[in-house]
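Let's take a walk through this structure together, from the overall build of each chain down to a few individual residues. Have the 3D view open and turn it as you read.

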Amino acid sequence: MKVRVRFFARFRELLGTDIIAEPPPGTVFAALIREVARKNREGYDAIFDGHGAFREFVILMRNGKRVEAADAEETVVADGDEIAVFPPVSGG
Amino acid sequence: MSMLSRRERERYKRQILLFGEEGQERLKKAEIFIAGAGGLGSPVAIYLAVAGIGTLTIVDSDVVDQTNLNRQILHYDRDIGKRKAMSAEEKLREINPDITIRAIDVHIDEANAGRLVGGADGIVDAMDNYPTRYLLNRIALEKGIPLFHGAIRGLYGQATTIIPGKTPCLSCIFPKPPPAEVFPVVGVTPGLIAMVQATEVLKFLLGTGNLLANRLFLWDGMQAQASEICVERNPCCPVCGTGGDEEAGRKGE
């Protein structure tokens, strides 16, 4: 199973642009992102708080549709999914 | 009878080729509110001024600082220490004396925002913080006018056009603000995002093209990559999702 994970902005700087992950069947959205983000401590901490929960401003999308952080713990990813994880930027 | 002077017909000749005199007259009748005269607000104001938007209101309560000059192109080295509103007004009047510039030196807050925006046809979000953006979002919803959102950090930027009742509001898309920070920035990024916003303003006023509605435009300058993401209304949005939601939903159908 292949899932494309796209980070944006600061998350991209820390974790890379486009990542093809190969999670085992039954993997949920949040677990996949935790696994992918684990390679860079700063990147992981930018996305997750001390309890491993998504920081409240982080935006999660699956195939162009918004996924709420709570649902991300239950949403099972499927082959061919495209997942986007990004922070809003605030400068002007 | 044209409402454009001979001088205006000359000034806008090359874009009248695109929009016709009728389009140019629409721009002349329009009033746009620009919140902020900084990195986004400077290029937005300059390009809307040269395009001939009849009335531009630009609001900023800051003073020009040397650290602003790498991106806030309405302000020059000689303006350091000057009120940004004054500095912006001076330049914009010189750039196009045929339009009305209202530059206001005030901090946009809960108490004055509705009055400041007044009868404007749209709000350009050229702010650098989410609390003021959320306030402008509420004013746009109340008045039923679009909010042209833009934001940047480093070489990365985002933009979307919020049309009350037809698109998600800013709070649907970004329910929680990112933590405040001194953001890194190089002038080209707000320049690029500001041009997306200004183009949206022109299309909205002219009633032409496809707006950046229900879509979030994301720009990564480091990768030279533009992407977009579909955004949807949040039926549970505490700002636009209660009360008026059903009515707005029906209108959209």
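What follows looks at the two chains in turn, then at ring pairs and at two loop residues.

Please keep in mind that this is a predicted model. Let's begin with chain A, whose secondary structure comes to 4 helices and 5 strands. If you trace chain A along its sequence, the order you meet is β-α-β-α-α-β-β-α-β. Its C-alpha atoms fill a box of roughly 40 × 25 × 25 Å along the principal axes. A compact globule of 92 residues would have a radius of gyration near 12 Å, and chain A has 12 Å, so the two agree. Buried residues make up 53% of chain A. Among its contacts with a separation of 6 or more, 54% come from residues 24 or more positions apart.

On the outside, chain A exposes about 4200 Å², and carbon and sulfur atoms supply 47% of that area. Its charged side chains number 13 positive and 15 negative, with the centres of the two sets 4 Å apart.

Now move over to chain B, where you can find 9 helices and 8 strands. Here the C-alpha atoms fill a box of roughly 50 × 50 × 40 Å, again taken along the principal axes. For 253 residues, the expectation for a compact globule is a radius of gyration near 18 Å; chain B has 18 Å, which agrees. Of the residues in chain B, 51% are buried. Counting contacts between residues at least 6 apart in sequence, 63% join residues at least 24 apart.

The accessible surface of chain B comes to about 11500 Å², with 52% of it belonging to carbon and sulfur atoms. Chain B carries 29 positive and 31 negative side chains, and the centres of these two sets lie 4 Å apart.

With the overall picture in place, let's turn to the aromatic rings. Over all chains, the structure holds 6 aromatic pairs. One of them joins A:F48 and A:F54 in a tilted arrangement, 4.8 Å centre to centre with 35° between the planes. Both A:F48 and A:F54 are buried. These two also belong to a cluster, in which ring pairs link A:Y44, A:F48 and A:F54.

Another pair is found in chain B, where B:F148 and B:F204 meet edge-to-face, with 6.1 Å between centres and 65° between planes. Which parts of the chain does this pair link? B:F148 sits in strand 5 (residues 147-153) of chain B and B:F204 in helix 8 (residues 188-206), so the partners are 56 residues apart in distant parts of the chain. Are the two partners buried or exposed? B:F148 counts as buried because its relative accessibility is 1%, under the 20% limit. B:F204, at 28% relative accessibility, counts as partly exposed.

Finally, have a look at the backbone in two loops. Most residues other than glycine have a negative phi. A:N63 has a positive phi, near 50°. You will find A:N63 in the loop between strand 3 (59-62) and strand 4 (65-66) of chain A. A:N63 is partly exposed, with a relative accessible area of 43%.

Chain B offers another asparagine with a positive phi: for B:N214 the value is near 65°. B:N214 lies in the loop between helix 8 and strand 7 (215-220) of chain B. At 31% relative accessibility, B:N214 counts as partly exposed.

How values were computed. Residues are numbered from 1 along each chain as its sequence is written. Chains are lettered from A and ligands numbered from 1 in the order in which they are written. This is a predicted model: local features need pLDDT of at least 70, side-chain atom pairs count only at pLDDT 80 or more; totals for chains, interfaces and linings use all residues. Side-chain values use heavy atoms; hydrogens and water are left out. The radius of gyration is taken over C-alpha atoms; the globule rule is 2.2 Å times the number of residues to the power 0.38. Buried means under 20% relative accessible area, exposed over 50%, partly exposed in between (1.4 Å probe, protein chains only). Contact means heavy atoms within 4.5 Å. Accessible areas come from the Shrake-Rupley method with a 1.4 Å probe; for residues, only the protein chains shown count as cover. Lys and Arg count as positive and Asp and Glu as negative; His and the chain ends are not counted. The place of a charge is taken as NZ of Lys, CZ of Arg, CG of Asp or CD of Glu. Rings of Phe, Tyr and Trp (its six-membered ring) pair if their centres lie within 6.5 Å; planes under 30 degrees apart count as stacked, over 60 as edge-to-face and the rest as tilted.
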